[in-house]
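Reader: Could you walk me through how the pieces of this model pack against one another, with a close look at where the two chains meet? Keep it casual, but give me the cut-offs.

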Protein chains: 2
Amino acid sequence: MNKADLIFAAGETSADMLYACGFRAPDPFIYFTCLQERGIIVSALEQDRAEKECKPNVAIFGRNEFSPDGRPDPLEIICSLAESRDIAEFRVPSDFPLGLADGLRQHGLIVQAEKGLFYPERQRKSAQELDHIIAALRVAEAGLRRGVAVIREAAVNADGRLVWNGEILTSEILQAEIAISMIRRGGFSDATIAACGNQAAQPHHTGSGPLSANKTIILDIFPRLHQTGYWGDLTRTVVKGQAPDIVKKAYAAVFEAREYAKTLIRPGAIPAEIHEAAKTVLENHGFRTGRQNDRNFGFFHGLGHGLGLQIHEKPCLDSVGAEPLQGGEVLTVEPGLYYPEWGGVRLEDVVTVTPDGCRCLTEMENVLEIEAMAK
Amino acid sequence: MNKADLIFAAGETSADMLYACGFRAPDPFIYFTCLQERGIIVSALEQDRAEKECKPNVAIFGRNEFSPDGRPDPLEIICSLAESRDIAEFRVPSDFPLGLADGLRQHGLIVQAEKGLFYPERQRKSAQELDHIIAALRVAEAGLRRGVAVIREAAVNADGRLVWNGEILTSEILQAEIAISMIRRGGFSDATIAACGNQAAQPHHTGSGPLSANKTIILDIFPRLHQTGYWGDLTRTVVKGQAPDIVKKAYAAVFEAREYAKTLIRPGAIPAEIHEAAKTVLENHGFRTGRQNDRNFGFFHGLGHGLGLQIHEKPCLDSVGAEPLQGGEVLTVEPGLYYPEWGGVRLEDVVTVTPDGCRCLTEMENVLEIEAMAK
């Protein structure tokens, strides 16, 4: 009796599946390894495309080879696979679908969910993966440059609203301009953040409605490259016109926290300690974190996260991250400060952990104020 | 002891989660219902945004209310939830993550995966959902019109390649133009199909490289509306210049198959029978289905699928669909013919099942040939 690895997921949305076989089908399909064999089992619809797009040494099977009556039921197909390969036990990712696992168990098969990462090696990026991430960062940078250019071109009307191209400049228009500049470079993003003022005080608010002068605008841009499936991630904060003093102070604090955190990132460093060190920098600048009137304020998210085939992946640079860095990780470093009274500041770079520290992969200046012209 | 519903998923990618609470966070969070209570448990990062975006009557909890030490471990948090609400058993969707379910079971909780849809009512669309899908279809139609306009504007060079805007027109350029026109309307799509000739013979090939005259170009466009999360889906097939006779015949057959299938769609109809009837129309036109030289040919995918918060959802109009239609479903109807020798033809409309038949929601002509100008 054999043990096998098994994934049932869509290559389009499952990083493990894409890492395993390289095939980005939009619907779930089966991947397995057993002894020396690696294979996927797909519908007729995907069979020819899989032949072209799969990694080498992955055999492509049509479903009908495992389900003579042509039924697409994955439970039947996997049971038939197990019988044909004499498989008694499957190792599966922790997000393997429960319904399918229970069905397999009822057929007497052992299904063991991996507790940690299914492919721990996914944390340490190969040279090729690094190139893919850097390519995605360049696209994010192009998107940010476009966003900043639009804000620069905008005038400010008597109400303090930004006006561009003859109309009030909204978060939505700015997001579309950023997305368009990235699409032309093969990067797709469905949720660019362009949040102004009070909205910027909520870290994941994507922003909506008119943009105003003299208030923080957080631009957080995370395209996925169509060709490779790797993500970029980049955040800058700008103010059209004059930044209030408190914003300037917060900007300086966040910038220092980010740069200081980078000096701590190296193999052996503990993520939680890096997170806490960044938080201490912010506190030393007088910025406290807490909760008041049902709103969080200060620095209330993790300092960063892994980046690769997922936009958020392991390891996290957060308050509970206890596993030492190994080297080879790609991490965002993105401290932020958020206060409902004046908005938010977040500055995000991406680094890779090198043998003796880290190397910043982001190539983008940090400029807070963008000159205003009255209109 | 109580029974509760439980989802652990990201609202951005889980249709069940989005349907349940309306909150599109990019990372997994917890949703539960127990007795009269409905709630979500989110990180501090998402707490304020959830307050604004969640459906009414969903209580928002911070993780720290269930995990005093602030650990983000969902297992700990759900165990603490179960204790606080005296919950002994959770009903979960079939795609609930196995690792988490096994953890909960080890803590003595019963976790039961729903065999069918977690929310069967999701198959029958409300008037509001129908409006959201129609809005997404209108965006898809705008994308298609842009694609057709670019092909119309293109010239044909001496090699039979399309030339547009001073350069060879590729699938990638056409995809970008289509995506851009949709982004301006609030629709995002990372995988528009614009596949020409032999590539069009693979139904899910997205297309790459130069587009040629006198060959089939399949345009399959499926944007998701940022504001609502609902999808549109639309396919047309065009030829720049002259369609070969075989393509004209295939087009007529596919058109007839689609229109005939629509006449069969009504409450009580069996999906597999509608699929087979469409296939028979294609066969009556002389188009066989099979596999030769390791390539599938003919009509080798399902006739259609449900459309809503997922691009592919239940019910499927395919060869194994045995459950009668109920009324209220939104379905794609998209027969196709694919032959490596000349390419592919697919024509896709979207219908909603009405009390006495179906209503077509797609508003888009069917035109095969686009006039060619030499250059």
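Author: Chain A splits into domain 1 (2-118) and domain 2 (123-370), with bounds from an automatic or database domain assignment. This is a predicted model, so local features need pLDDT of at least 70 and side-chain atom pairs count only at pLDDT 80 or more, while totals for chains, interfaces and linings use all residues. Residues are numbered from 1 along each chain as its sequence is written, and chains are lettered from A and ligands numbered from 1 in the order in which they are written.

The centres of the two domains of chain A, taken over C-alpha atoms, are 37 Å apart. Five residues of domain 1 and six residues of domain 2 make up their contact (C-beta atoms, placed from the backbone, within 7 Å). On the domain 1 side, that's four nonpolar residues, one charged and no polar. Here Ala, Val, Leu, Ile, Met, Phe, Trp, Tyr, Cys and Pro count as nonpolar, Asp, Glu, Lys and Arg as charged, and the others, Gly among them, as polar.

Now for the part you asked about. Where chain A meets chain B, each chain puts in 45 residues. On the chain B side, α2 (44-53), α4 (98-106), α6 (171-183) and β16 (295-297) each give at least two residues; helices (H or I, at least four residues) and strands (E, at least two) are DSSP runs, numbered from the N terminus. The largest share, six residues, belongs to α2(B). Sorted by class, this side of chain B holds 20 nonpolar, 13 polar and twelve charged residues.

How do the copies relate? Chain B lands on chain A after a rotation of 180° with 0.0 Å of shift along the axis, at RMSD 0.0 Å, with the fit done by least squares on C-alpha atoms of residues with pLDDT of at least 70 in both copies. That is the relation of a two-fold axis. Within chain B, Leu98(B) has the C-alpha nearest that axis, 2.3 Å away. And because 100% of the interface residues of chain B are also interface residues in chain A, the copies meet through the same surface.

Zoom in on the α6 pair. The axes of α6(A) and α6(B) come within 10 Å and cross at roughly 175°; axes are lines fitted to C-alpha atoms, for helices over the stretch in contact, and angles run from 0 to 180 degrees between N-to-C directions. That makes α6(A) roughly antiparallel to α6(B) (over 145 degrees). Ala176(A), Ala179(A), Ile180(A) and Ile183(A) meet Ala176(B), Ala179(B), Ile180(B) and Ile183(B). So what's the class mix there? The contact between these helices has eight nonpolar residues, no polar and no charged.

Chain B also has an open sheet of three strands, β7-β8-β9, with antiparallel pairing (at least two DSSP bridges between strands). β7 (155-156) and β9 (167-168) are at the edges with a single partner strand each, so one side of each has no neighbour in the sheet. β8 (162-164) and β9 of chain B pair over two bridges, and Val163(B) has Ile168(B) as its bridge partner in β9(B).

Last, some backbone oddities. Most residues other than glycine have a negative phi, and most peptide bonds are trans. Lys314(A) and Pro315(A) are joined by a cis peptide bond, with omega about -5°, and Pro315(A) sits in β18 (313-317) of chain A. In chain B, a cis bond with omega about -5° links Lys314(B) and Pro315(B). Asn57(A), not a glycine, has a positive phi of about 70°; you'll find Asn57(A) in the loop between α2 (44-53) and β4 (59-62) of chain A.

Methods. Two residues are in contact if their C-beta atoms, placed from the backbone, lie within 7 Å. Angles under 35 degrees count as roughly parallel, over 145 as roughly antiparallel, 65 to 115 as roughly perpendicular and the rest as oblique.
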